[in-house]
Amino acid sequence: MDRWTLVAATVLSLIAGAWGMWSVHRGHRSRWTVVWMAGTLLCQFAFLGLRGEARGACPLADRGEVLVFLAWSLTLFYLLVGPAYRISLLGVFSAPVVFCFQAAALLPGMLDSSPEKIAGVNPWHETHSATSVLAYGALALAAVAGVMFLVLDHQLKEHHLKSGLFRNLPPVRELLVSLTRLLRLGGFLLTIGIVAGFLMPHDKSALPHLVAALAVWLAYLVVLGVHGIRGMTGRRLACSALALFVFSLLVFAFI
Amino acid sequence: MELLCLGLNHKTAPVEVRERFAVGTSRLGEASLALLDLHGVAEGLVISTCNRTEYYLAAEDSSHAVRELENLLAKLAGSDASPHFYRMERAEAARHLCRVVSGLDSMMLGETEIFGQVKQAYQLALDAGATRGVLNRLFQRAFTVGKKVRTNTSIQEGSTSVGNVAVDLAEKIFGHLKNSEVMILGAGEMSRITAQSLVSRGARSIIVSNRTYDRAVELANEMGGSAVRFDAWEEILARVDVVISSTGSPHAVVRPEHVERVRRARKFRPLFLIDIAVPRDIDPAVGEIEEVYLYDIDTLEQLAVEARQRRERQIVECENIIEAELAKLDLPGL
C-alpha cells in the first residue's frame, strides 16, 4: 500500500514537471503546477504516515525513506514559498527534482519491503533526523532557485530574451531574496539538526556522519556569512547553493 | 437601418487637423447625443482619442446622414476637412470598429489603451441615451472580439519602443521599481524619455548628472529628482540600481574601473546599465562584470523591432478572429 502512494506521488510530480515545462514552452504561466504539487504532497503525507506507523517512529530508517522525506520537505517548502512570492515557475523547476528523489526511492533495495518497528526511540535522534532532512528540503529548494537565477542571469547577460521561459521567470531580485531566505531557513534547521545530532547517544561509527554534517553546516554558514557581511554576486550565491547541495547529497550518499 | 462610420486618424490627418475635431472625454456623451439631431439618424456615438475621432451612426439613409454630418463638421471645424475623413458603411464599418478595439488600427500596433477608451466612449453614449439596438449590439460584439484577440493571440506582447523595452528589462531585474534608484548621465531627450518611463512605473528616485549643471537641475526639477555635478557621478554609482547614459562624449564615460571601485560598497547588487549614446558611453567590458546587465541602443532597438515584427505576424490571425466573430453578428445595418 505505502509503495503505491509513493508511485502516485511520483506520477503526480512527473505530471507537474511535464505540464509546467509544456506551459512554459508555449509561453504561458503554469498555473496547474501548484495543484499537481499539492497532490504530490498529499500522497507523500500518506506514504510517510504509513511508514511512520509501521516504524513507530519518524520514517527515516532506510535510504528510500530519507529520499521521500527529502522530496516531501522540498515539496512542502515550494508550496509555502512559491505561491507566497508569486514564483510559480519554482514548481516547474522543483517537480523534476522531487520526481528524481522519489523515483530513486522506488528503485529495488531502497525501501524495506516490510519495515520493522524501531526499538528504543530517542527524541534527540528523531529531532536530528527530522530537522536535518527538513533542512535539506529547504536547501534543495534554494539550489532550485539558484538554477533559476543562473538561467535568467545567462539570458539577461547574453540578451536571449525571446523564450517563454524568460517571460515566465521571476525577477532577479525576487529570486535572490527567495534564495537567501531559503538558505537561512535551511541553515537554521540544520543547526538544530547538528546540535541534536551531538546530543543523541552515538557510538564511534556515527562520528564520520556527524563530522560530514558539521562540515556541510559550516560551509553553508560561511556562504551566508560572506553574503550578509561582505556581499556576494547573485551568480556566486546561486552557484554556492547549488554546489553545496550537490556536495551534501554526495557526502551523505557515501557516509 | 444602415450602419455608418465617418472618421479621421493619425494615418489620414496631421495633428493640426485632428485637434480641430477632438472631443474631450467629459463631452463625449453630449456629442454622441447631438448626432441624433441630424435628420434620419437613429443612433450615434463619438470616439475621440489623441490619434482619432470617429462618428458611428445608425441611420435610415446612410448617404443622407453622411451629408448632414459632413455639413455639421465643416461648420464645427471652420474649413473643409473632408479629404482627411474616411467613410465606411455596413460590414466594413463593423470590421473597422473591431480592428480599432483590437489595437490593429493604432499607431502602436496592438496597444491596449484604445480598448478602454472606446469602452468609455460607448458607456458615455449609452448613458446619454444616444445608442440603441444596432450600436449596442455592434459595440458589445466589438468588445468581445477585442478580448478574444488579446487572449488568443500575442498581438500585445513585447515592448515596441526603446523606452518600454528598457523598463521591461528593469522590471525583470528588480521586480517592482519602487525600491529602485535611477541615475541619468547626460540630460538628452532619449535619457529623459527612458527615465520618464521608469518613473511612470514607480522608480523611487531620479538623479541627474550632466556636464552643464544647470541643465541637470532643469531636468531633475522636471522629473521630480535631484541633480549632481558631473564630477560626482561615480560616488552616486555606489547606491543606484539603474544608470541611463547619453552624454554625447566621444569616449567611454563609464569604464570597468568605475564599477569595480564601487562593487564592494554596492555589496555586489545587480546593476542595470542602459547606454543610449552614439558613440557609446559605457565601455562594453563593463558588461563582463558579473552583476552588471549592460544594454546599448542597438540591442534595445533590436528588441523593440523584434516585438513589432512579432505583432505584425499576428495580424492575419487577428483578422481571422474578427471575421469569424462578425459572421456571428446578425445586425440589420450590416
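Start with the largest nonpolar core of this predicted model. It has 125 residues, and the ones with the most contacts inside it are A:Leu141, A:Leu179 and B:Leu273. If you want to know which element gives this core its largest share, look at chain A: helix H5, residues 123-158, supplies 17 residues.

Now pick out one of those well-connected residues, B:Leu273, and see who is around it. Setting aside the neighbours within four places in sequence, B:Leu273 is in contact with B:Val243, B:Val254, B:Ile282 and B:Val286, and also with B:Val292, B:Tyr293 and B:Leu294. Apart from the 125-residue core there's another one, made of 49 residues. B:Leu3, B:Leu35, B:Ala59 and B:Leu97 are among the residues of that other core.

Next, let's turn to how chain A is divided up. The domain assignment splits out domain 1, covering 1-111, and domain 2, covering 123-255. Going by C-alpha atoms, the centres of these two domains of chain A are 18 Å apart.

So what does the meeting place of the two domains look like? On one side, 25 residues of domain 1 of chain A take part, and they are in contact with 23 residues of domain 2 of chain A. Three helices of chain A each give two or more residues to the domain 1 side: H1 (2-25), H3 (63-81) and H4 (89-105). H3(A) gives the most there, with nine residues. As for what kinds of residues you'll find on that side of domain 1 of chain A, 18 are nonpolar, four are polar and three are charged.

Definitions and conventions. Residues numbered from 1 in each chain as written. Chains lettered and ligands numbered in written order. Predicted model: local features only at pLDDT ≥ 70, side-chain atom pairs only at ≥ 80, totals over all residues. Domains from an automatic or database assignment. Contact = placed C-beta atoms within 7 Å. Helix = DSSP H or I, 4+ residues; strand = E, 2+ residues; numbered from the N terminus. Nonpolar A, V, L, I, M, F, W, Y, C, P; charged D, E, K, R; others polar. Core = buried A, V, L, I, M, F, W, Y, C linked by C-beta atoms within 7 Å. Buried ≥ 20, exposed ≤ 12 C-beta atoms within 10 Å, placed from the backbone.
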